[in-house]
Amino acid sequence: MGKANKSFLKEENLLTLLSQNNFIIPEIQREYVWGNNEKVILKFLNELKSKIGEKCKCCDLPTSNSRINIGFLYSYKPDYVKVQHERFLDENLIDGQQRFTTLFLLLFYCALKEDKRNDFLSLIRFDELSMGFDFKVRDLTKRFLLELVTKSNSIRDLEIIKQQTWFLQDYNQDVSITAMINSLMYIHQVFNCQTKYYNHLLSSVVFWHFKTEVTSEGEELYITMNARGEDLADNEITKAALMLNGKDLFTSGKKWEEWQNFFWRNRDKNREVQSADFGFNSFISCIAGLENYLKYNEQEFKVDDVEDLLRIDIVEKYFDAFNFLISNVDTFKSQYRYSNWVDDYILEIWNILNKNETDWFIDYTDKNKGTERNKMIFMWSWLLYFDEDTQDDVEEFYRVLRFFYVRYKNFNRSVSSLQRTVNLIKINKIFDTIDQEVHLSVDEEETKSYRTKNETLKYSYLNSLLMIGQADLKEIESLIWKIEDHPLNIEGADLGNINSSHIVLFNSELNLFNLRLIKDKFYSLFPLNEDGKVIYDNANKIRTILLFYGKYWTKVRASYYWKYNFGDWKRIIRDSDAHDDIFKTFFHDFKYASSLDELLGDKLSFFDRNEMTHDELEVFKWYACQLKEQMWSQGQYISNDHYNYTDFDQYFPNFKTFVNNKGNFNGGNPQILSILVNQLLKSNFTCSTNIQKID
């Protein structure tokens with residue numbers, strides 16, 4: 001038998017489904033939970049009732065004949081089913097349990113209300129031990145359903161179900177049973193009216209039923225679709241609502257399953273529970289949050305329901321953007337010598353989505369929600385940018401991606417201005433910075449800037465190259481990206497959002513040779529290991545030599561003493577705490593020096609001691625000349641005026657003793673600088689004496 005004959009897809013109503021199949025909820029299927037979510041169940045029931053429409057005033061039957069497609073229902077035959085000619089064969093329900101169980105309970109409720117209980121029992125082929133809808137391997141749930149349909153004779157019986165003599169206390173501990181009882185209460189709340197729904201539900205409510213006869217194929221499909229944990233997937237709730245509101249149910253349902261399969265392929269494979277839902281739920285919530293933002297931005301903050309914000313075509317638009325990003329990576333990267341950041345961007349997207357921890361509906365004007373706002377910038381930027389016009393230019397799309405990648409690393413949180421920023425980029429292109437506001441801060445509560453100072457300098461330079469048709473523009477871009485992506489450069493949060501302009505002078509003299517030199521020299525100062533972490537082997541030499549360029553350290557009062565930090569490299573390289581361009585000047589000299597040691601040797605010439613100086617810089621320079629790298633044997637901190645070191649400094653009596661320590665005095669081996677000098681002088685004297693004796 002060919003594969004095409006082993007499965008089929010048909011649109012079938014509830015009457016056909018129930019009369020021709022024995023549906024079984026497999027053991028590893030999740031619990032029935034819709035009834036435990038008031039918002040979900042009421043929305044589903046109200047939407048269904050609305051679709052059914054008004055009743056005839058004479059006969060109380062619904063007047064509409066329209067079919068109501070609820071979406072897809074997947075099933076396959078268990079491997080124990082061998083006889084193919086029997087009328088009723090068991091079918092394991094793969095997907096659609098929440099909707100199908102809810103409709104089963106609704107049918108039973110309507111049967112009681114309309115005195116059609118016997119018809120219902122006949123339809124489901126009820127006997128004392130089985131029926132056509134079965135939790136076969138869940139004994140407690142199976143028993144409850146059997147007793148429910150056989151011992152409930154009226155709506156009143158349902159209302160007092162927990163008081164019935166047959167109701168076991170154990171039922172209260174079963175998640176599925178609790179949800180079913182709740183669902184019956186919500187069904188009563190919505191459908192307690194004179195309209196006769198029973199026959200209409202059987203004939204007009206339909207599913208696209210995908211049925212495979214091959215157990216192996218069914219189980220593979222089951223694993224793909226149902227390895228999603230114990231909780232109900234939010235995307236399934238949205239799917240059910242959108243299916244009810246949609247027109248072309250078959251096409252929409254197929255698209256939804258394709259999207260779900262996309263997230264299954266890109267799931268977090270390190271999770272104990274393998275699931276597509278973590279990523280898909282997060283994506284649905286992300287784009288719904290974006291739609292909510294577009295609806296209410298610059299208005300009073302409000303939050304609409306996900307199902308009210310999305311339509312199938314809206315989901316498709318954003319999925320197309322995501323798919324475009326993923327599909328064109330190789331095309332874009334093939335044009336650039338360096339583009340590792342693209343992989344990092346995509347990895348971070350999946351990290352955000354698969355963790356599914358982000359609240360995409362927070363008030364983005366709340367300054368206490370910085371992390372969520374930063375992720376909104378990261379995700380919403382490219383989703384907003386992608387459209388029919390922008391998808392034709394792959395390079396520009398990824399350049400925009402780069403723009404917001406750097407902003408994400410700078411912990412940008414300007415959500416309110418995001419829509420305006422993206423729209424301006426669409427109009428002017430990413431390189432054009434003409435007539436754009438320039439601010440140092442991009443924080444939501446301070447400004448609604450379009451470009452930072454660093455962005456304006458960089459993109460004005462790149463735009464000038466674009467205008468003259470610079471042949472090596474992509475090579476120049478690659479070098480700038482490589483410079484920016486050094487771990488000390490890429491994160492510019494609270495550092496003026498500076499990622500490159502502290503070591504790159506973006507002017508007409510900047511060329512490919514200069515950029516290569518900057519990149520090579522910076523990476524030689526702060527090399528990286530295989531894991532991309534900074535190796536600080538040169539740190540002591542650099543902090544020593546910088547003393548001869550000016551005051552670059554951070555000085556703070558640590559409750560009861562002064563602490564000088566000579567190792568906050570992200571601040572040091574940007575001259576964040578310096579009054580002059582200390583590191584920038586040093587780096588300019590270093591670019592043209594043969595080595596760091598050569599430059600260090602030139603600076604560490606004899607430095608005359610001014611004993612009565614009040615200038616800390618003079619003190620540190622003199623000690624550096626004497627001790628060189630030994631000045632930092634305990635680390636990057638020097639302390640002064642500590643209560644355990646109350647003596648005045650031996651060489652600079654206007655100051656208390658200077659102590660090199662690890663940052664605090666809890667452990668470690670603090671070293672007094674003056675004592676280190678004395679030890680060095682004594683050692684040199686001893687060495688000199690020994691030389692004289694040899695002579």
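**Burial, cores and pockets in a predicted model**

Ile 572 lies in helix H25, which spans residues 569–572. The structure described here is a predicted model, and within it Ile 572 is buried, with a relative accessible area of 3%, a value that falls in the buried class because that class takes in everything under 20%. When neighbours within four places in sequence are left aside, Ile 572 is in contact with Leu 546, Tyr 552, Phe 566, Gly 567 and Phe 583. Ile 572 and Thr 554 stand 18 residues apart in sequence, and their C-alpha atoms are 8.7 Å apart in space.

The setting of this residue can be placed against the chain as a whole. The chain has 695 residues, of which 55% count as buried, and its secondary structure comes to 29 helices and 13 strands. Among the contacts in the chain with a separation of 6 or more, 73% are accounted for by residues 24 or more positions apart.

One example of a pair far apart in sequence is given by Glu 298 and Ser 416, which are 118 residues apart along the chain while their C-alpha atoms are separated by 7.1 Å. Glu 298 is found in the loop between helix H12 (277–296) and helix H13 (306–309), and it is exposed, with a relative accessible area of 65%. Not counting residues up to four places away in sequence, Glu 298 touches Tyr 364 and Ser 416.

The interior of the model was examined next. The largest nonpolar core contains 136 residues, and the members that touch the most other members are Trp 380, Trp 382, Leu 547, Phe 583 and Phe 586. Helix H18 (residues 394–409) supplies the largest share of this core, namely 10 residues. Another core, of 62 residues, lies apart from the largest one, and its members include Ile 41, Phe 104, Phe 120 and Phe 207. For Trp 382, the contacts beyond four places in sequence are with Ala 321, Phe 322, Leu 325, Tyr 345, Ile 349, Phe 397 and Leu 401. Phe 583, one of the residues of the largest core that touch the most other members, is also among the contacts of Ile 572.

Helix H27 (residues 596–603) shows how burial can be arranged on a single helix, its buried residues being Leu 596, Leu 599 and Leu 600. Seen down the axis of H27, these buried residues fall within an arc of 100 degrees, so they line one face of the helix. In general, an α-helix has 3.6 residues a turn, so residues three or four places apart point the same way. The cover over the buried residues of H27 includes helix H23 (512–525), helix H24 (539–546) and helix H26 (582–591).

Open space in the model was considered through its pockets. The largest pocket has a volume of about 530 Å³ and is lined by 20 residues, of which Asp 344, Tyr 405, Lys 409, Asp 485 and Pro 487 lie nearest its centre. Two or more residues of this lining are given by each of helix H16 (340–355), H18 and helix H22 (487–490), and H16 gives the most, with six residues. By class, the lining of the largest pocket divides into nine nonpolar, three polar and eight charged residues. H18 thus appears in the lining of the largest pocket as well as in the largest nonpolar core.

The second largest pocket holds about 450 Å³ of space. Its lining is made up of 23 residues, of which Lys 453, Ile 498, Ser 501, Arg 574 and Lys 584 lie nearest the centre. Helix H20 (residues 453–467) contributes the largest share of this lining, three residues, and the lining as a whole has nine nonpolar, six polar and eight charged residues.

Two loop residues were noted for their backbone angles. Asp 494, in the loop between H22 and H23, has a phi near 60 degrees, a positive value in a residue other than glycine, and it is exposed, with a relative accessible area of 72%. Lys 628, in the loop between helix H28 (616–627) and strand E11 (637–640), likewise has a positive phi, near 55 degrees, and is a residue other than glycine. Lys 628 is partly exposed, with a relative accessible area of 40%.

Notes
Residues are numbered from 1 along each chain as its sequence is written. This is a predicted model: local features need pLDDT of at least 70, side-chain atom pairs count only at pLDDT 80 or more; totals for chains, interfaces and linings use all residues. Side-chain values use heavy atoms; hydrogens and water are left out. Buried means under 20% relative accessible area, exposed over 50%, partly exposed in between (1.4 Å probe, protein chains only). Helices (H or I, at least four residues) and strands (E, at least two) are DSSP runs, numbered from the N terminus. The arc is that of the directions from the helix axis to the C-beta atoms. Contact means heavy atoms within 4.5 Å. A nonpolar core is a set of buried Ala, Val, Leu, Ile, Met, Phe, Trp, Tyr and Cys residues joined through side-chain atoms within 4.5 Å. On a 1 Å grid over the protein atoms alone, a cavity is a set of points where a 1.4 Å probe fits but cannot get out, and a pocket is an open set with protein on both sides within 12 Å along at least five of seven lines; lining residues have an atom within 4 Å of a point. Grid points are joined across faces, edges and corners, and a volume is the space filled by probe spheres set on the points. Ala, Val, Leu, Ile, Met, Phe, Trp, Tyr, Cys and Pro count as nonpolar, Asp, Glu, Lys and Arg as charged, and the others, Gly among them, as polar.
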